[in-house]
Amino acid sequence: MLHEIGDEPVAIHLVPDLFNLASLRGGVEEFESIAFIHLRESPLYGWNSVLKRGFDLVLGTLALLVGLPIMAAIAVAVGITSGRPILYRQERMGLDGRRFGMLKFRTMVPDAEAQTGPQWAVRDDPRRTWLGAFLRGWSLDELPQLFNVLRGEMSLVGPRPERPSFVADFRRRVPGYMLRHTMKAGITGWAQINGWRGNTSIEKRIEYDLEYIARWSLGFDLSILLRTLWLGFRNRNAY
């Protein structure tokens with residue numbers, strides 16, 4: 001088009017159709033007089049990464065100190081009612097698709113998936129212990145993930161991590177699913193406090209996860225944490 005216009009004395013303006021191209025935190029920035037168009041970007045870069053890590057370390061340490069007596073009591077109860085192991089380490093997928101061992105209090109019988117392989121938990125799951133049903137219903141089995149936070153494998157707030165076998169299936173079914181891995185996985189998240197937890201719509205969960213990433217700020221993280229505490233840990237979809 002520029003070639004056809006040639007040297008005609010007319011003003012020329014180009015409006016790039018960024019809305020159809022940008023998929024996550026799109027924008028325009030200039031570096032040494034060169035324009036850069038961001039079509040897809042994680043918010044965890046530069047000082048953002050440092051601030052979020054500091055946020056996790058400070059609040060995560062405080063939460064661990066407050067929660068240690070509760071965790072000790074749960075550990076004793078699990079040991080008395082169903083023996084060892086007390087903790088359950090489950091492989092999950094986090095930031096940039098890296099795998100890590102997510103910690104939980106064991107809520108099911110030992111070797112619950114030895115015969116079936118990975119399975120999604122269902123209501124009244126027969127694999128649960130009676131104490132495990134209570135812990136899962138109140139999300140108390142998730143407390144050991146504070147150690148994952150302090151080790152840098154998870155964040156207090158972020159998309160909930162899934163098991164690699166489930167990720168492979170969701171990636172085939174849900175467009176843009178892997179974009180949630182541009183953010184560190186969290187103990188709680190925007191999708192969870194809006195009810196999209198457990199055996200609910202994966203599509204809606206991804207919608208909220210990507211909205212969280214696009215809107216991310218420390219203030220947003222703090223508001224999600226406060227809402228998590230305000231709403232309580234009880235969730236009808238946690239089983």
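# Rings, bridges and turns in a predicted model

Mentor: The charged end of arginine 215 sits over the ring of phenylalanine 220, 4.3 Å from the ring centre. Keep in mind that this is a predicted model.

Trainee: Over which other ring does the charged end of arginine 215 sit, and how far is it from the centre?

Mentor: Look for a tryptophan. The charged end of arginine 215 also sits over a ring there, 5.3 Å from its centre. That ring belongs to tryptophan 190.

Trainee: How many aromatic pairs does the structure hold?

Mentor: Ring pairs are described by two values, the distance of the centres and the angle of the planes. The count of aromatic pairs in this structure is five.

Trainee: What kind of aromatic pair do tryptophan 190 and phenylalanine 220 form?

Mentor: Their ring centres are 5.0 Å apart, and the planes are at 65°. Planes over 60 degrees apart get a name of their own. The pair of tryptophan 190 and phenylalanine 220 is therefore edge-to-face.

Trainee: How many residues apart are tryptophan 190 and phenylalanine 220?

Mentor: Tryptophan 190 is in helix H7 (residues 190–193). Phenylalanine 220 is in helix H9 (residues 218–231). The pair links distant parts of the chain, 30 residues apart.

Trainee: Are tryptophan 190 and phenylalanine 220 buried or exposed?

Mentor: Both residues get one label. Tryptophan 190 and phenylalanine 220 are each buried.

Trainee: Which residues do ring pairs link into a cluster with Trp190?

Mentor: Start from Trp190 and follow the ring pairs. The residues linked with Trp190 are Tyr208, Tyr212 and Phe220.

Trainee: Now to salt bridges. How many does the structure hold?

Mentor: Side chains of opposite charge can pair when their charged atoms come close. Here the number of salt bridges is 14.

Trainee: Which parts of the sequence does the salt bridge of lysine 52 and aspartate 221 tie together, and how many residues apart are they?

Mentor: The side chains of lysine 52 and aspartate 221 meet at 2.5 Å, N to O. Both residues are buried. Lysine 52 lies in helix H3 and aspartate 221 in helix H9, so the bridge ties together parts whose separation in sequence is 169 residues.

Trainee: Is glutamate 142 buried or exposed, and with what relative accessible area?

Mentor: Glutamate 142 forms a salt bridge with lysine 104 at 3.9 Å, N to O. This pair links the loop between H4 and H5, home of glutamate 142, with strand E4, home of lysine 104, 38 residues apart. Lysine 104 is buried, with a relative accessible area of 10%. Glutamate 142 is also buried, because its relative accessible area is 11%.

Trainee: What relative accessible area does glutamate 153 have?

Mentor: Glutamate 153 forms a salt bridge with arginine 151, with the closest N and O atoms 3.0 Å apart. Arginine 151 is partly exposed, with a relative accessible area of 45%. Glutamate 153 is partly exposed too, and its value is 26%.

Trainee: Which residues join Lys104 and Glu142 in one network?

Mentor: The network forms through salt bridges that share partners. Besides Lys104 and Glu142, the members are Asp141, Arg160 and Arg197.

Trainee: Where is the residue with positive phi in the hairpin of E3 and E4?

Mentor: E3 and E4 pair in the antiparallel sense over seven bridges. Methionine 93 stands opposite arginine 99 in E4. Five residues lie between the strands, and the one with a positive phi near 60° is aspartate 96.

Trainee: Is aspartate 96 buried or exposed?

Mentor: Most residues other than glycine have a negative phi. Aspartate 96 is not a glycine, yet its phi is positive. Its relative accessibility is 54%, so aspartate 96 counts as exposed.

Trainee: Is serine 139 buried or exposed?

Mentor: Serine 139 also has a positive phi, near 60°. It is found in the loop between helix H4 (130–137) and helix H5 (145–150). At 9% relative accessibility, serine 139 counts as buried.

Trainee: Which residue does a cis peptide bond join to arginine 84?

Mentor: Omega is about 0° at this bond. The partner is in the loop between H3 and strand E3 (87–93). It is proline 85.

Trainee: Which helix gives the most to the nonpolar patch?

Mentor: The surface patch is about 460 Å² and is made by Val58, Leu62, Leu65, Leu68 and Phe147. Leucine 68 counts as partly exposed, at 39% relative accessibility. Four residues of the patch come from one helix, H3.

Note on methods. Residues numbered from 1 in each chain as written. Predicted model: local features only at pLDDT ≥ 70, side-chain atom pairs only at ≥ 80, totals over all residues. Heavy atoms only, no water. Patch = residues over 30% accessible without salt bridge, like charges linked within 9 Å, V, L, I, M, F, W, Y side chains within 5 Å. Areas by Shrake-Rupley, 256 points an atom, 1.4 Å probe, with all protein chains shown as cover. Salt bridge = Lys/Arg side-chain N within 4 Å of Asp/Glu carboxyl O. Helix = DSSP H or I, 4+ residues; strand = E, 2+ residues; numbered from the N terminus. Buried < 20%, exposed > 50% of the residue type's maximum accessible area, 1.4 Å probe, protein only. Phe/Tyr/Trp six-rings, centres within 6.5 Å; stacked < 30°, edge-to-face > 60°. Lys NZ or Arg CZ within 6 Å of the ring centre and 35° of its normal. Pairing = 2+ DSSP bridges.
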